[in-house]
Amino acid sequence: MNILLKSAKIVCPENKELHLKKRDILIKKGIIEKIAASIETPASIKVVNLENLHVSLGWFDSGVSFGEPGHEERETIANGLNVAGKSGFTDIVLYPNTYPVPDTSSDVVFLKERSLGKPTNLHPLGTLTKNAEGVDLAELYDMKNAGAVAFYDFKQQITNPNLLKIALLYAQNFEGLVFSHPQDVHIKGKGIVHEGEVSTRLGLKGIPALAEELQIARDLFILEYTGGKLHIPTISTAESVKLIANAKKKGLDVSCSVAIHNLVFTDDSLEDFGTNFKVSPPLRTKQDVKSLLKGLKDGTIDFVTSDHIPIDVEGKRVEFDNAIDGTLGLETAFGSLNNIFGLEETISLLTKGRERFNLDAPILKEGEKACLTLFHPDKESTFALENILSTSKNSMFVGAKLKGKVYGVINNDKTSI
């Protein structure tokens, strides 16, 4: 694939010589051959000349669900990667949210093979325990060798503290990263939304912030005892930010992420009982959102994630109590963040996180592999149902104002433009 990007404004703080400069970029056979103020169009080259074209290193998402195998009606791997590419992501970490779950090396190989030949790279998570039942450790070392980048029982608490202790100790032998979902099921009980004024007014059973904070505190104590590498996905409360900040001050090897929708929406959005707003962790308060934003800015929270979870209509068009947790997030990630942080900080957030998963970070310079995202940063729009590329349509962002339009990606000598 040979492409010439014309008059592209480069957003790459890592490369001070090119950052915020307009350049032509010539790509041949997936390699950046030349970057210059002007490049004459060679023969047999596809020229890309788009309105207000901006280019950055390819974006990374640390938490995405599809459905295949087992829930193909929600999303297949092929279409999911197509959605990710058109949303600007060259690399996604795939949650083990399938049936059966990936708890062996052959399961991981299957997921990797299904993703070959796409402009978006798929990096699977294996489950931490067999069948994600929380009893016995899965084949962690074998899955790591097969391509699993970390281990996670999707959205499930590790109820047995000794199991987490053993997992952290064992995974140190091969630099394994252990995920722990931040929610104590005993404190959560039958709660379905954030416990507070809104849940009381609406008559919905609440999930106390304590359910998240107690789990995180326990996990951090265990990490301090064992050592190892721990990742806490999608934190949502102000106290969680404080707990992780204190742990990092102690030198513990802990990272965490926040779902983009927890930065945009609060539990006030539940007033109409829209099931697309039913997520785990739940939408919290304005004060929590303020603390999460502060945690991102000061580095306590390591990266953002779309926490993209397609759910078919049968899982959402039911009573609020019975609806399955989850919202789409890939298509709206850039436009939502750009509204909050502005261009440069948004690109910084979308390009960080690979190092935590021992993935190679792309480099934007001549002679390097082209791993690029193309976008218009200023295009404003209202996200509508027809803008959803996913098979499922469960997006809480329908009707939201977005800033920015993604053109696509160039990666693996392929493009989604």
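Colleague: Is Thr415 buried, partly exposed or exposed?
Modeller: Keep in mind that this is a predicted model. Thr415 sits in strand 17, which covers residues 414-415. Its relative accessible area is 26%. Buried means under 20% and exposed means over 50%, so with 26% Thr415 counts as partly exposed.

Colleague: Okay, and which residues is Thr415 in contact with, leaving aside neighbours within four places in sequence?
Modeller: Contact here means heavy atoms within 4.5 Å. With those neighbours left aside, the list for Thr415 is Met1, Ile3, Pro119, Val409 and Ile410.

Colleague: What separates the C-alpha atoms of Thr415 and Ile77?
Modeller: Along the chain, Thr415 and Ile77 are 338 residues apart. In space, their C-alpha atoms are separated by 17 Å.

Colleague: Let's go to the surface. Which residues form a nonpolar patch with Tyr170?
Modeller: Tyr170 belongs to helix 4, residues 161-171. It has 34% relative accessibility, so it counts as partly exposed. The patch has about 270 Å² of accessible area together, and Tyr170 shares it with Tyr141 and Ile166.

Colleague: Now the inside: how many residues are in the largest nonpolar core, and which element gives the largest share?
Modeller: Phe66, Ile92, Ile232, Ile235 and Leu263 have the most contacts inside this core. The core has 62 residues. Its largest share is five residues, and they come from helix 4.

Colleague: Which residue of helix 10 does Ile235 touch?
Modeller: Not counting residues up to four places away in sequence, Ile235 touches a list that includes Glu212, Ile216, Val258 and Leu292. The buried residues of helix 10 include Val289, Leu292 and Leu296. The name found in both lists is Leu292.

Colleague: What span does helix 10 reach, from its first C-alpha to its last?
Modeller: Helix 10 runs over residues 286-298, which makes 13 residues. At 1.5 Å a residue, 18 Å is expected. The model comes close to that, with 19 Å.

Colleague: Which residue with a positive phi follows helix 13?
Modeller: Helix 13 covers residues 343-351, and its buried residues are Thr346, Ile347, Leu349, Leu350 and Thr351. Helix 10 is followed by Gly299, with a positive phi near 90°. For helix 13, the phi is positive and near 120°, and the residue is Gly353.

How values were computed: Residues numbered from 1 in each chain as written. Predicted model: local features only at pLDDT ≥ 70, side-chain atom pairs only at ≥ 80, totals over all residues. Heavy atoms only, no water. Patch = residues over 30% accessible without salt bridge, like charges linked within 9 Å, V, L, I, M, F, W, Y side chains within 5 Å. Areas by Shrake-Rupley, 256 points an atom, 1.4 Å probe, with all protein chains shown as cover. Salt bridge = Lys/Arg side-chain N within 4 Å of Asp/Glu carboxyl O. Helix = DSSP H or I, 4+ residues; strand = E, 2+ residues; numbered from the N terminus. Buried < 20%, exposed > 50% of the residue type's maximum accessible area, 1.4 Å probe, protein only. Expected span 1.5 Å × (residues − 1). Core = buried A, V, L, I, M, F, W, Y, C linked by side-chain atoms within 4.5 Å.
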